[in-house]
Amino acid sequence: NNIEEPTVVTEKGSNGFLMEYEGAEILCEYGLPVAKSKLARTEEEAIELANTIGYPIVLKGMSRDIVHKTEAGIVKVNITNQTQLIKSFNEVLTNASNYNSEAKMAGVLVQEMASKGIELIIGIKKDPIFGHQLVIGFGGTLVEIMKDFSMRMMPVSKEDIAEMIKELKSYPIIEGYRGQQGINKQKLIDICLGLNNLVAERPEIEELDLNPIMFSGNEAAICDVRILVG
Ligand code: ADP
Ligand code: MG
């Protein structure tokens, strides 16, 4: 395979995007709950990491040259054993080079598989006049049809966040209804407050997308990070 040398974290690609694992490292610095993950550069490393993290796991190809991973066929979820892991590892590399034969691979991310639950999206965009804007949206497969999101200028307060989720059509789901558990709101608040600090200290961030954040039981896990640096 064609895995390149380790790269410097926060060195943006020519498209301006950081790779997921670089974004995840930044979020970790601000105490945000990212799904446990580590970059593997060989099949053997992937096997070791999967054993440490524990099955089921997710594999994702990491390349500066590929921004949308699903589209490239380089996200493999719910891998439950070593045989599947090896097969998926090689499929990720093959699919990446079929998608973009020029794509340089930094490695394959071995990631903890988050439990299914309520999926939220958080987005940040920097407006040239108003500065960073925070969007909270309801995620999942219906996201495009539902167009369910609310927006505030950053920094957001605890009260802003409470209002933002109340504005969503999906609020009853987020609150929990008919015996279904809602999300742990404190976790959502902590994520947003962490993001306040992050953009305050890193104004060069033009866009940031957490899609999805999985809420299940009392937990929250950020399963994808896309950061655009200006
Ligand atoms: P993309 O670059 O296509 O947005 P993602 O990293 O978001 O790639 O992965 C695609 C989809 O796979 C996610 O929307 C989510 O449904 C699922 N997924 C990704 N990572 C995890 C994970 N750690 N646990 C559970 N599901 C995941
Ligand atoms: Mg995503």
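## Notebook: a four-stranded sheet and its surroundings

I began with the sheet, which is open, has 4 strands in the order 1-4-2-3, and shows antiparallel pairing. Strand 1 (37–40) and strand 3 (75–79) stand at its edges, and each has a single partner strand, so one side of each is left without a neighbour in the sheet. I then looked up the twist and noted that neighbouring strands of this sheet are turned against each other by 25° on average, with direction ignored. I keep in mind throughout that this is a predicted model.

As a reminder to myself, strands of a sheet pair through backbone hydrogen bonds, and the pairing is either parallel or antiparallel. With that in mind I followed one pair in detail: strand 2 (residues 57–63) and strand 4 (residues 105–112) are joined in the antiparallel sense over 7 bridges. I picked out one residue of this pairing, Met 62, and found that its bridge partner in strand 4 is Gly 107.

**Helix 2**

Next I asked myself which strands helix 2 lies across. Helix 2 (residues 43–53) lies across strand 1, strand 2 and strand 4, and it runs at about 20° to strand 4. I looked for its buried residues and listed Ala 46, Leu 49 and Ala 50. Seen down the axis of helix 2, the buried residues fall within an arc of 100°, so they line one face of the helix. These buried residues pack against strand 1, strand 2 and strand 4, and also against helix 3 (82–99). On the face turned away from the buried side I found the exposed residues Glu 44 and Thr 52. Just after helix 2 I noted Gly 54, which takes a positive phi of about 100°.

**A record and the domains**

I checked the UniProt record, an unreviewed entry, where the annotation "domain: ATP-grasp" covers residues 24–60. Over residues 24–60 the chain is 46% helix and 22% strand, and the C-alpha atoms at the two ends are 13 Å apart. I also looked up how the chain is divided, and wrote down domain 1 (36–112) and domain 2 (118–229). The C-alpha centres of domain 1 and domain 2 lie 26 Å apart.

**Strands 5, 6 and 7**

I moved on to strand 5 (residues 118–127) and strand 6 (residues 131–138), which run antiparallel and are joined by 8 bridges. The connection from strand 5 to strand 6 is a hairpin through 3 residues. To fix one position in this pairing, I traced Lys 126 and found that its bridge partner in strand 6 is His 132. Strand 6 is also joined to strand 7 (residues 149–153), again running antiparallel, by 5 bridges. In this second pairing I noted that Gly 137 has Phe 149 of strand 7 as its bridge partner.

**Met 146**

My last entry concerns Met 146, which lies in helix 4 (residues 143–146). Is Met 146 buried, exposed or partly exposed? I counted 15 C-beta neighbours inside 10 Å, and because a residue needs 20 or more to be buried and 12 or fewer to be exposed, Met 146 counts as partly exposed. Leaving out residues up to four places away in sequence, I found that Met 146 touches Phe 138 and Lys 169. Met 146 and Lys 169 are 23 residues apart in sequence, and from C-alpha to C-alpha they are 8.5 Å apart in space.

Notes: Residues numbered from 1 in each chain as written. Chains lettered and ligands numbered in written order. Predicted model: local features only at pLDDT ≥ 70, side-chain atom pairs only at ≥ 80, totals over all residues. Contact = placed C-beta atoms within 7 Å. Domains from an automatic or database assignment. UniProt positions renumbered as here; feature names shortened; annotations may be inferred. Pairing = 2+ DSSP bridges. Axes fitted to C-alpha atoms, helices over the stretch in contact; angles between N-to-C directions. Arc of directions from axis to C-beta.
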